[in-house]
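Work through the following exercises with the sequence and the model at hand. Each task is followed by a solution in steps.

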Amino acid sequence: MPTLAPRTRRALAATATALLLALAGCGGPRPAETGGGTKKAAGLPAVPKSAVPAGLPGMPPPLDPNDVYAADRPNRLSPVVKDFPSRVYVPNTNSNTVSVIDPATYKVIETIPVGIQPQHVVPSWDLKTLWVNNNRGHTLTPIDPATGAAGKPVEVHDPYNLYFTPNGKYAVVMASLDRELVFRDPHTMERRKTVPVSCYGVNHADFSADGRYFIVSCEFSGELLKVDTEKMEVIGQQKLPMAGAMPQDVKISPDGKTFYVADMMAHGMWVLDGDKFTTPTLLPTGKGCHGLYVSRDSREMYVPNRGEGSISVFDFKQNKLTKKWWLPDGGSPDMGGVSADGKVLWLSGRYDSEVYAIDTTTGRQLARIPVGGGPHGLAVYPQPGRYSLGHTGVFR
């Protein structure tokens with residue numbers, strides 16, 4: 001092969017470079033040529049889909065796709081609530097009052113008269129109001145957490161429990177005896193849509209990580225519902241695989257893959273794949289398993305066993321129970337919440353007219369505080385989080 005002159009070699013190299021650049025520019029259509037459809041360029045890798053599913057429209061995006069409770073870290077208070085005084089609000093079902101406890105002194109500092117049979121104290125989605133669910137009085141009593149003052153009751157039929165959709169668009173009233181899920185305006189509480197259900201005793205719920213559905217427990221018929229949040233329709237229903245099951249609180253795991261359902265007659269938690277909604281399995285915890293509360297570091301869940309006066313501690317990563325704390329003088333630990341700094345678990349003593357404060361590091365009882373009759377769904381407030389999903393304080 002003859003040797004090429006330097007000038008000729010440079011010319012050929014320039015020509016080759018131009019051809020390569022031209023070919024590289026043919027990897028996809030020009031903007032003016034795309035028309036109504038697109039074709040995948042041959043030989044190019046497909047664009048990977050996001051690992052996080054698209055959330056409910058209007059829902060604040062998660063802080064961490066691997067932890068739905070990432071906004072609940074110790075003392076990470078929203079600007080909305082940072083100046084609210086720290087209080088524990090205890091609805092006394094049999095006394096028709098709310099006892100207000102100062103957690104710094106473990107003393108009741110006020111007793112607020114409310115409607116008939118208050119069941120839960122529920123933080124609103126925007127964190128500005130606490131709603132007292134007067135179940136048999138058919139009203140909601142608003143409390144201003146900045147001042148502790150109660151406002152004018154709002155007429156709402158059969159408000160056993162109250163939740164809010166993750167986008168803040170609706171309040172969802174658990175109308176237990178009416179056998180309805182009632183979607184309402186989150187501020188005025190005007191009825192927007194009523195969803196009749198065939199199960200008995202709708203009472204507790206939690207939402208999927210993307211907010212597109214929620215799981216509801218039906219206490220009196222031992223069933224679970226799966227509800228499409230946006231369509232406001234029941235899309236799944238199943239009977240729990242135990243005669244006499246009585247499901248209570250519902251809570252999703254930090255990674256959003258698993259739902260846990262406390263059951264006071266099965267004496268443990270049902271472990272459920274919410275997406276597939278297949279038959280759950282039972283994890284025994286203790287007699288009268290009732291409430292479910294996640295620690296501030298998302299590592300553990302506190303599970304009060306009302307029938308035996310104990311609290312089981314479940315480790316998410318290890319997927320097992322690691323500890324059990326016993327109240328020194330017995331009791332009936334029910335519903336409650338975790339302090340803003342994560343150091344104290346507060347629980348109502350449903351059948352003992354008292355409230356328990358428990359050290360979350362040691363399990364030691366810090367205080368036992370007398371309150372009214374039948375204390376139930378107490379709320380610790382304020383707590384960390386950007387918005388509330390309801391109940392006694394489920395924050396994201």
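**Exercise 1: A sheet and its edges**

The model is predicted. It contains an open sheet of four strands in the order β16-β17-β18-β19, paired in the antiparallel sense.

Task: Determine which strands are the edge strands of this sheet.

Solution.
- Step 1. An edge strand pairs on one side only, and this holds for β16 (247–252) and for β19 (281–284).
- Step 2. As for the arrangement of neighbouring strands in this sheet, they are turned by 25° against each other on average, direction ignored.
- Step 3. The edge strand β19 pairs with β18 (residues 268–272) over four bridges, in the antiparallel sense.
- Step 4. One residue pair can be located here: V271 has T281 in β19 as its bridge partner.

**Exercise 2: Another sheet of four strands**

Task: State the strand order of the open sheet that includes β12, and describe how β13 and β14 pair.

Solution.
- Step 1. The order is β12-β13-β14-β15, with antiparallel pairing.
- Step 2. The edge positions belong to β12 (202–207) and β15 (233–239), each of which pairs on one side only.
- Step 3. On average, and ignoring direction, neighbouring strands of this sheet are turned by 25° against each other.
- Step 4. Strand β13 covers residues 213–218 and strand β14 residues 223–228; six bridges link them in the antiparallel sense.
- Step 5. S217 stands opposite L224, a residue of β14.

**Exercise 3: The disulfide**

Task: Find out how many disulfides the whole structure has, and which parts the bond between C199 and C218 ties together.

Solution.
- Step 1. A search of the whole structure yields one disulfide.
- Step 2. The bond joins C199 to C218, with an S to S distance of 2.1 Å; this satisfies the cut-off of 2.5 Å.
- Step 3. The angle about the S-S bond is -50°, and the link of C199 and C218 is left-handed.
- Step 4. C199 lies in the loop between β11 (191–196) and β12, while C218 is in strand β13, so the link ties together parts that are 19 residues apart in sequence.
- Step 5. Residues under 20% relative accessible area count as buried. C199 has a value of 0% and is therefore buried; C218, also at 0% relative accessibility, is buried.
- Step 6. A further cysteine, C289, is buried with a relative accessible area of 0%.

**Exercise 4: Salt bridges**

Side chains of opposite charge can pair when their charged atoms come close.

Task: Establish how many salt bridges the structure holds, and classify the partners R212 and E230 as buried, partly exposed or exposed.

Solution.
- Step 1. The total is 15 salt bridges.
- Step 2. R212 and E230 form one of them, with their closest N and O atoms 3.5 Å apart.
- Step 3. Since R212 lies in the loop between β12 and β13 and E230 in the loop between β14 and β15, the pair ties together parts that are 18 residues apart in sequence.
- Step 4. R212 is partly exposed at 32% relative accessibility, and E230 is partly exposed at 46%.
- Step 5. In the salt bridge of R73 with D67, the closest N and O atoms are 2.7 Å apart. R73 is partly exposed at 23%, whereas D67 is buried at 8%.
- Step 6. R299 and D297 meet in a salt bridge with an N to O distance of 3.9 Å. R299 is exposed at 58%, and D297 is partly exposed at 38%.
- Step 7. D185, E190 and R192 are joined into one network by salt bridges that share partners.

Conventions
Residues numbered from 1 in each chain as written. Predicted model: local features only at pLDDT ≥ 70, side-chain atom pairs only at ≥ 80, totals over all residues. Heavy atoms only, no water. Pairing = 2+ DSSP bridges. Helix = DSSP H or I, 4+ residues; strand = E, 2+ residues; numbered from the N terminus. Axes fitted to C-alpha atoms, helices over the stretch in contact; angles between N-to-C directions. Buried < 20%, exposed > 50% of the residue type's maximum accessible area, 1.4 Å probe, protein only. Salt bridge = Lys/Arg side-chain N within 4 Å of Asp/Glu carboxyl O.
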